[in-house]
Amino acid sequence: MTSLSPPLVPSHRGRLTLWAWLAIALTAVNLRTAVTGFTPLLEIIGSDLGFGVTLSGLLGTVPAVSFGIFGFLAPAVTRKFGLERTATVALGLTALSLLVRAFSPTPSLLVLSTVLALAGIGAANVVIVPLVKAWFADRLALGTSLYLILMQAGQFIAPLLAVPVAEAATWRLSVGIWAGPAAVAGVVWLVLALRLPADHHAPAAVTATDAGPRISRSSTVWGLVILFAMISLSNYGIITWVPAVLTDAGGSAALGGSMVALYSAWGMLAALVVPHLATRMMNPFIVVVGCAISLVAGYLGLLLSPLDGTLVWMCALGIGVSTFPLCMTLINRRTKSPQTASAVSGFVQGIGYGLACFGPIGLGLLREATGSWSISLLVLAATAIPGVIAGWFACRPRFVEDSAPQPTKRDADQQSRR
């Protein structure tokens, strides 16, 4: 199996591997805090800066848009600069932009800083998948579980602290504190990049642009794209609007934040269990079916009885989005090399997030047009159907390289010239 970079000097491998574990762990913690630590504060920030539900919906859409655009571009960037250096710049950009967002005096600067912060996270989303494969190919389930658990921990802790910190101090402090962990992660990646051999940053052999014509004709890849898009639409719809669903039903802002935290906590369990299931089962399609049933139950519960049984509905939703760690694991399991994993990761996350970006703002517009959350919740429940269909294709036990058309002689000649 080839790797994204030439083999490391053997005597340095042990120390560098420890740095890689630390860097991946710190990156994972930061992958969702800029989102889930922000959305519970949208009403408070809107009241302070003077914007309403339309801009709130736009801000809820920004994560998916940024993750999509910059995730799709990330493999091309890693080809030029290497995975570790790309991660360094991505986390540094995120940290700086989060500070700017915390001090934003106007809605326009708030939106711009949010886009930049999530651009960095979008790139980090993509590169962390092939980084796990490149550094820990022999411990794929463990590496995937580690970063997903820590990602969910950040997603869980951020909304839990958001409103209490804002009420005790100010929303600016509540938003800005997450710049610190992002900066630390960027520094660790920088240290690792500087300690690597000079030729370790040699360009990767395959990028999304190079492989696109091939992987875009793989039914496995498109199954992953649609499954990922549907689960991302649900995830950002839940994170953005469940607090509003509960407050419209008579709940408090603190309840909304705590329920997003509860929802996120289930992701930690899924991150621990699902990657191991996906690496042991030839075809984990049953996981997709079970998650779809759980999602529909959660949405219907919020529709029919939002404040009676809220804990049950949020737990059902938390279990339902467990196809996210399944997708992340399958990207590595259904590819033979880190190069292809990087290309597929960018393709799946780029298009998947691009499709999902219509969710938060579309759900908000439906709420404005109908005066209730009923249609929005039914639309979210309906996304389980294409998710199940796509999951059947994504879970079939075949490699992307085997299911996609093979490179032509022209492709091989171009690759050899690189």
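Trainee: Which helices each supply at least two residues of the lining of the second largest cavity?

Mentor: In this predicted model, those helices are α11, α13 and α19 (384-395). The largest share, 4 residues, comes from α13.

Trainee: What makes the second largest space a cavity, and which residues lie nearest its centre?

Mentor: It is called a cavity because a 1.4 Å probe fits there but cannot get out. The space amounts to about 100 Å³. Among its 13 lining residues, Leu227, Ile231, Leu295, Ala384 and Gly387 lie nearest the centre.

Trainee: How many residues of each class are in that lining?

Mentor: There are 9 nonpolar, 4 polar and no charged residues. Gly387 counts as polar, because Gly is placed in that class.

Trainee: How many cavities of 30 Å³ or more are there?

Mentor: The count comes to 5. About 160 Å³ of space lies in the largest cavity, and of the 18 residues lining it, the closest to its centre are Gln152, Gln155, Asn235, Val321 and Phe324. That lining divides into 9 nonpolar, 8 polar and 1 charged.

Trainee: Now to the surface. Why is leucine 304 called exposed?

Mentor: Exposed means over 50% relative accessible area. Leucine 304 has 71% relative accessibility, so leucine 304 counts as exposed. Its place is in helix α13.

Trainee: Which residues make the nonpolar surface patch?

Mentor: Leu300, Leu304, Ile375, Leu378 and Val379 make a patch of about 430 Å². Two elements, α13 (285-304) and α18 (374-382), give two or more residues to this patch, and the largest share, 3 residues, comes from α18.

Conventions:
Residues numbered from 1 in each chain as written. Predicted model: local features only at pLDDT ≥ 70, side-chain atom pairs only at ≥ 80, totals over all residues. Heavy atoms only, no water. Patch = residues over 30% accessible without salt bridge, like charges linked within 9 Å, V, L, I, M, F, W, Y side chains within 5 Å. Areas by Shrake-Rupley, 256 points an atom, 1.4 Å probe, with all protein chains shown as cover. Salt bridge = Lys/Arg side-chain N within 4 Å of Asp/Glu carboxyl O. Buried < 20%, exposed > 50% of the residue type's maximum accessible area, 1.4 Å probe, protein only. 1 Å grid on protein atoms, 1.4 Å probe; cavity = no way out; pocket = protein on both sides within 12 Å on 5 of 7 lines; lining within 4 Å. Points joined across faces, edges and corners; volume = space filled by probe spheres on them.
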